[in-house]
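Thank you all for coming; I would like to take you through one model this morning, beginning with a metal site and then moving outwards. Please have the viewer open, since I will be naming residues as I go.

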Amino acid sequence: MTLLDQPAGPSASVWPPDAHGPRRDPAPLLPDPEPFRLLGTPAADKLDPELLLDLYRRLVVGRRYNQQATTLTKQGRLAVYPASTGQEACQVAAAAVLREDDWLFPSYRDTLAVVARGVRPVEALTLLRGNAHHGWDPKAHRTAPLSTPLATQAPHAVGLAHAARLRGDDVVALTTVGDGGTSEGDFHEALNFAGVLNAPVVFLVQNNGYAISVPLSKQSAAPTLAHKAVGYGISGRLVDGNDAAAVYTVLAEAVEHARSGRGPVLVEAVTYRLEAHTNADDATRYRTPDEVEAWQERDPLAVLERHLRAHDLIDDAGVAAAAEAAEELAAEMRAEFHAEPELDPMSLFTHVYAEPTPQLREQAALLAAELAAEADAR
Amino acid sequence: MSTATATPAGSTTMAQALNGALRDAMREDPNVLVMGEDVGTLGGVFRITDGLAAEFGADRCLDTPLAEAGILGSAVGMAMYGLRPVVELQFDAFAYPAFEQLLSHVAKMRNRTAGRLPLPITIRIPYGGGIGGVEHHSDSSEAYYAHTPGLHVVTPATVADGYGLLRAAIASDDPVVFLEPKRLYWSKDDVTPGPVEPIGRAVVRRQGTSATLLTYGPSLPVCLEAAEAARAEGWDLAVVDLRSLTPFDDETVCAAVRATGRAVVVHEATGFGGVGAEIAARVMERCFHHLAAPVLRVTGFDIPYPPPMLERHHLPGVDRILDAVARLQWEQ
Ligand SMILES: Cc1ncc(C[n+]2csc(CCOP(=O)(O)OP(=O)(O)O)c2C)c(N)n1
Ligand SMILES: [Mg+2]
């Protein structure tokens, strides 16, 4: 028998001393081992049909958005596009559960969540179009810029949520991280801060099984990613990320939990990215067509549509109407992106500081002279 | 003979040369291993580690969790135990989470253990712009590393150097930050690797008599192009490729500057506090009486790297280099 195998002796109850507390019962924080599901279960019958129809319409728009952005990329209108195809339930639910005065801290793949927040696609996609680093007004939309360095925005969400608390506002911050992003130190520091500060934050982990080519099995040895919450004294929840009703319900509960001061929540949504990592990626190098096909079966849009049809909540006309609304968004995207963006090279020198340094003024003058000479030559 | 050496002249890309260097180093020394995000099954996002997992197995070409501090920090432990890790950090700006490990441990371990714990780690970082990358994919971060004692900082500008310098970096018993110019990954040439030369020597890529361009990495082809264009203006420009920022080859640089009496430093990174400032100062200190004009710098502006549609205005180009050459006080 080794030391570790020995049963706890009587000293276990007095060690560690109280000063080293708090000691909490982890049981209420632990996620259920099975992802929470609603569609296809008896509980689904009790769901509000209006909510389901609303989610359906949002998913149809979301899918069309992904398709259109992908097409625009092929046409050279976007520099790169990380599609969220297959993850639309997570994307639209993340936006749908937030109040207007709540904040979203998206990761680089989450432009659909940003659009679902009310930002115009041309602004949501500015970074990926390549004409500027960022499109929308973050304060007006209570939506932080897309964060490309993975998980680095998670501590920001904690800080903002804590600040809102200090101000007496019942504002919640929701941040999205990928399965790969949960390995980054910033993710863990954010969870710990959220736990210690009891900040009203929701961490949504979209576990799509891969970080580019790296499968979850090489990413983490945790029982589930939701378990990562528990070590920080935070509740972990596991949900089927392709069941729009379930994602919405779990996220809405998590937001309410955080808003009411009961603490942060980490939600792991199990989902799948049906497209490659980006248009520049070759997914055949690391996953099989069979695997992708199996997940097509669990496409969140198809899952919800099957449910609605089976329960006579939608007919062909309803489906067509949803598609028509999505077409409007796609048409708007085509019109916006086929026009050339306005580019001002002199904008390189604005907003580096509140006031440009003398050196920047000098450099701006140099570029202005070059541009003038270029114009003369033409 | 590696695959990189066996291919016909002019048909090897820098990406293939780097791949060949990794393969040859792994074949020769079982202690060499490659680790990083997506380096195994995928072969790296730039395919620099293509085929290594297949040939050497997953343990010697390790797909790591997505955590740069963890990657470099665990490489430190591996090196302490006798391995020679070659770490890939996927992009310049994604190396920053590993900064703590790099500055506080990798750079200092030899010094603080009085030589008992050298760390033969190679840290490969694709760097620089000009590839239409979005935010955080085009940084030139060499000055941070060059400013840190204990790190070698090396950057190849030719296909042959892609092979030779990477072999030398892996062979070095000191940590080497190996900066790979992304936009030269697909440049082609022939590779004729000789014995591995230690790092630290600059090379004159083009002889000239009027003025000397001092450059490295992604700016070398731009400088060579500028030197061609300068002939029309009556200038015969020499071009020096530094290859290694640390150690710095004062000898070759100063000889090349003394030969012409005029110098322009060219790099893509922002100018303020940049490597160019160090180079200009060293030349001024050593060659003052040979200089006919102050040493000038042509660099990126002092701004965050621009979005892809505007990056051409930021990057030093042929015209900006020629404008600088024109300001070298020819009227005297
Ligand atoms: C700090 C950092 N390291 C590396 C990268 C490069 N990178 C971009 S996306 C990605 C994979 C992300 O995987 P995951 O977090 O699962 O999100 P997903 O792409 O699946 O949405 C990597 C490694 C990055 N953006 N930031
Ligand atoms: Mg993922």
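Let me begin with the magnesium ion, ligand 2, whose protein donors are A:Asp179 through OD, A:Asn208 through OD1 and A:Tyr210 through its O atom, at 2.0 to 2.1 Å from the ion. Donors here are N, O and S atoms within 2.8 Å of the metal, or 3.2 Å for Na, K and Ca, and since water is not among the atoms, sites may look incomplete. Along the chain these donors of the magnesium ion follow the spacing D-x28-N-x1-Y. Both A:Asn208 and A:Tyr210 are buried, where buried means under 20% relative accessible area, exposed means over 50% and partly exposed lies in between, computed with a 1.4 Å probe on protein chains only.

Before going further, some bookkeeping. This is a predicted model, in which local features need pLDDT of at least 70 and side-chain atom pairs count only at pLDDT 80 or more, whereas totals for chains, interfaces and linings use all residues. Residues are numbered from 1 along each chain as its sequence is written, chains are lettered from A and ligands numbered from 1 in the order in which they are written, and side-chain values use heavy atoms, with hydrogens and water left out.

Now to the nonpolar cores, by which I mean sets of buried Ala, Val, Leu, Ile, Met, Phe, Trp, Tyr and Cys residues joined through side-chain atoms within 4.5 Å. The largest has 67 residues, and those with the most contacts inside it are A:Leu174 and A:Leu251. Helix 1 of chain A, residues 49-74, gives the most to this core, with 10 residues; helices (H or I, at least four residues) and strands (E, at least two) are DSSP runs numbered from the N terminus. Leaving aside residues up to four places away in sequence, A:Leu174 touches ten-odd side chains' worth of neighbours you can click through, among them A:Trp103, A:Phe105, A:Leu251 and A:Val255. Let me put that more carefully, without the loose count: the residues that A:Leu174 touches are A:Ala94, A:Val97, A:Leu98, A:Trp103, A:Leu104, A:Phe105, A:Val202, A:Leu204, A:Leu251 and A:Val255, contact meaning heavy atoms within 4.5 Å. A second, separate core of 45 residues includes B:Leu102, B:Ile121, B:Val240 and B:Leu242.

How do the two chains meet? The contact takes 42 residues from chain A and 33 residues from chain B, and together the chains bury about 3200 Å², 63% of it on carbon and sulfur atoms. Buried area is the accessible area, with a 1.4 Å probe, that two parts lose on being put together, summed over both. Of the area that chain A buries against chain B, A:His133, A:Arg285 and A:Leu348 supply 21%, more than any other three residues. The rule finds 4 salt bridges across this interface, a salt bridge being a side-chain nitrogen of Lys or Arg within 4 Å of a carboxyl oxygen of Asp or Glu. B:Asp63 pairs in this way with A:Lys218, the closest N and O atoms being 3.0 Å apart.

Over all chains, the search finds 41 salt bridges. In chain A, the side chains of A:Asp102 and A:Arg259 meet at 2.7 Å, N to O. That pair links distant parts of the chain, 157 residues apart, with A:Asp102 in the loop between helix 2 (88-96) and strand 1 (103-105) and A:Arg259 in helix 10 (residues 244-259). Are these two residues buried or exposed? Both A:Asp102 and A:Arg259 are buried. In chain B, B:Asp92 and B:Lys182 form a salt bridge at 2.6 Å, N to O, and B:Asp92 is buried, as is B:Lys182.

Chain B is divided into domain 1 (12-189) and domain 2 (203-330), with bounds that come from an automatic or database domain assignment. Their centres, taken over C-alpha atoms, are separated by 27 Å, while 27 residues of domain 1 of chain B are in contact with 22 residues of domain 2 of chain B. These two domains bury about 1900 Å² between them, 58% of it on carbon and sulfur atoms, and the rule finds 3 salt bridges across their interface.

I will end with helix 10 of chain B, residues 250-260, where the buried residues include B:Asp250, B:Val253, B:Ala256 and B:Val257. The buried residues of this helix pack against strands 9 (203-206), 10 (211-215), 11 (237-241) and 13 (263-270), and against helix 11 (275-287) of chain B. Helix 10 of chain B is followed by B:Gly261, whose phi is positive, near 80 degrees.
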